[in-house]
Amino acid sequence: MALSLYVDTARWRAHQKSVIDQFPGLVPVCKGNGYGFGHERLADETIRFGADTLAVGTTYEAARIKDWFSGDLLVLTPFRRGEEPVPLPDRVIRSVSSVDGVHALVGARVVIECMSSMKRHGVKEEELGLLHAAIEDVRLEGFALHLPLDRTDGSDAVEEVIGWMDRLRAARLPLHTMFVSHLRAEELARLQQQFPQTRFRARIGTRLWLGDHEATEYRGAVLDVTPVVKGDRFGYRQQKAASDGWLVVVAGGTSHGVGLEAPKALHGVMPRAKGVARAGLATVNRNLSPFVWAGKQRWFAEPPHMQVSILFVPSDAQEPRVGDELVAHLRHTTTQYDRLVDR
């Protein structure tokens, strides 16, 4: 019995096609844990829909995926002098975010990142003049812009890209290909219309693989059910049961990512109030689990173990049975399943 990821494969692939149709020349992204599906599965999907390039997060990911995908591999993490060398084939393209990095990659295939309003990394406008000599010794695949998701200042993503296109053109740098992230389809179309001689390639991960939430579902199998009455002690810390009910042991623990949560950007009064309430409950050992039973998200009886979680189901709910599966609301990018089931 396992923590399983169920995939409505036809629906999932229909969503992939809808994204591919909106973004001609799309570069799918497969990084981290493969958006919950794993690197090998996403490499297979990329081959199936015929993309010529797959973007990965690191050189270590490229070294693993190279045996599953025979096309070009674009490493998104920028090259840095002194990094550990990883043996990679010539079809690997390195991202570079500095003039010094370009100089250090003689003979390599490179994509040069420009400093966007993300202010994360990239070549700055005042450095463009220094790129002329540097790019003579590399195989330039294009420039790239990684854009923010939200624009609270009301700025326009297309105008930001146009600004960089104008700067690159003024610096007499080649504009045959521009890789972009976090643009809408209509924004990409506007750019392509304005710069018909440039090929715009959208790097897309989350929207491609996780854009249809109804296409996937995590479920944890019930391994054991033990009745308890109010006051019974249980678990590692021998806490007391707050009321009558059942202790339900379900597949899915910290090794799967259960109980782990990435920080979220909260907007508005209500989400912030809920966050404060959750933090307050956690101080008295009340933590809501991601597992759902009888239409309600159930509380952890105690912190999740390595491979299982113990939940408390009160006596006014239906008794779970061994072998039942509980839907689990888990974040794909932090979850490791035991098995993937296509249906």
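This passage walks through a predicted model, taking the strands first, then a long-range pair of leucines, a helix and a loop aspartate.

According to an unreviewed UniProt entry, residues 15-153 carry the annotation "domain: Alanine racemase N-terminal". In the model, that span is 27% helix and 20% strand, and its end C-alpha atoms sit 31 Å from each other.

A good place to start is a run of parallel strands. Strand β3 (residues 53-56) and β4 run parallel and are joined by 4 bridges, with T53 standing opposite D72 in β4. To get from β3 to β4, the chain goes through helix α3 (residues 59-65), and this β-α-β crossover is right-handed. Strand β4 (residues 72-75) then pairs with β5, again in the parallel sense, over 3 bridges; here L74 has I93 of β5 as its bridge partner. On to the next strand: β5 and β6 (residues 109-113) run parallel with 3 bridges between them, and S95 is set opposite V111 in β6. Helix α4 (residues 99-104) belongs to this part of the chain too, since β5, α4 and β6 make up a right-handed β-α-β unit.

So how much of β5 is covered? For strand β5 (residues 92-96), 5 of its 5 residues are buried. In a regular strand, side chains alternate between the two faces of the sheet. That pattern shows up here: V92, R94 and V96 point one way from β5, while I93 and S95 point the other way, and all are buried. Both sets of side chains are thus buried, the one with R94 in it as well as the one with S95.

Further along, L149 sits in the loop between β7 (139-146) and α6 (157-170). Is this leucine buried or exposed? L149 counts as exposed because its relative accessible area is 70%, and the cut-off for that label is over 50%. L149 also comes up in a long-range pairing: L183 is 34 residues away in sequence, yet the two C-alpha atoms are 8.5 Å apart in space.

After that loop comes α6, a helix of 14 residues that reaches 20 Å from its first C-alpha to its last, close to the 20 Å expected at 1.5 Å a residue. At the N-terminal end, D156 acts as the cap, with a side-chain oxygen 2.7 Å from the backbone nitrogen of V158. V158 is itself one of the buried residues of α6, a list that also has A157, E160, V161, I162, G163, W164, M165 and L168. What covers them? The cover over the buried residues of α6 includes β7, β8 (177-181), α7 (185-194) and β9 (199-204). Just past the helix, R172 takes a positive phi of about 60°.

The last stop is D212, in the loop between α8 (206-210) and β10 (216-228). Despite the loop setting, D212 counts as buried because its relative accessibility is 18%, and the cut-off is under 20%. Which residues does D212 touch, leaving aside those up to four places away in sequence? The answer is R11 and H15. With R11 there is a polar contact of 2.7 Å between the two side chains. Closer by in sequence, a polar atom of the D212 side chain lies 3.1 Å from the backbone nitrogen of E214.

Terms used: Residues are numbered from 1 along each chain as its sequence is written. This is a predicted model: local features need pLDDT of at least 70, side-chain atom pairs count only at pLDDT 80 or more; totals for chains, interfaces and linings use all residues. Side-chain values use heavy atoms; hydrogens and water are left out. UniProt positions are given in the numbering used here, feature names are shortened, and annotations may be inferred rather than shown by experiment. Helices (H or I, at least four residues) and strands (E, at least two) are DSSP runs, numbered from the N terminus. Buried means under 20% relative accessible area, exposed over 50%, partly exposed in between (1.4 Å probe, protein chains only). Two strands pair if DSSP finds at least two bridges between them. A crossover is right-handed if, with the strands pointing away from the viewer, the path from the first strand over the helix to the second runs clockwise. The expected span of a helix is 1.5 Å times one less than its number of residues. Contact means heavy atoms within 4.5 Å. A polar contact is a pair of N or O atoms within 3.5 Å; within protein, one must be able to donate a hydrogen and the other to accept it, and residues adjacent in sequence count only if both atoms are side-chain atoms.
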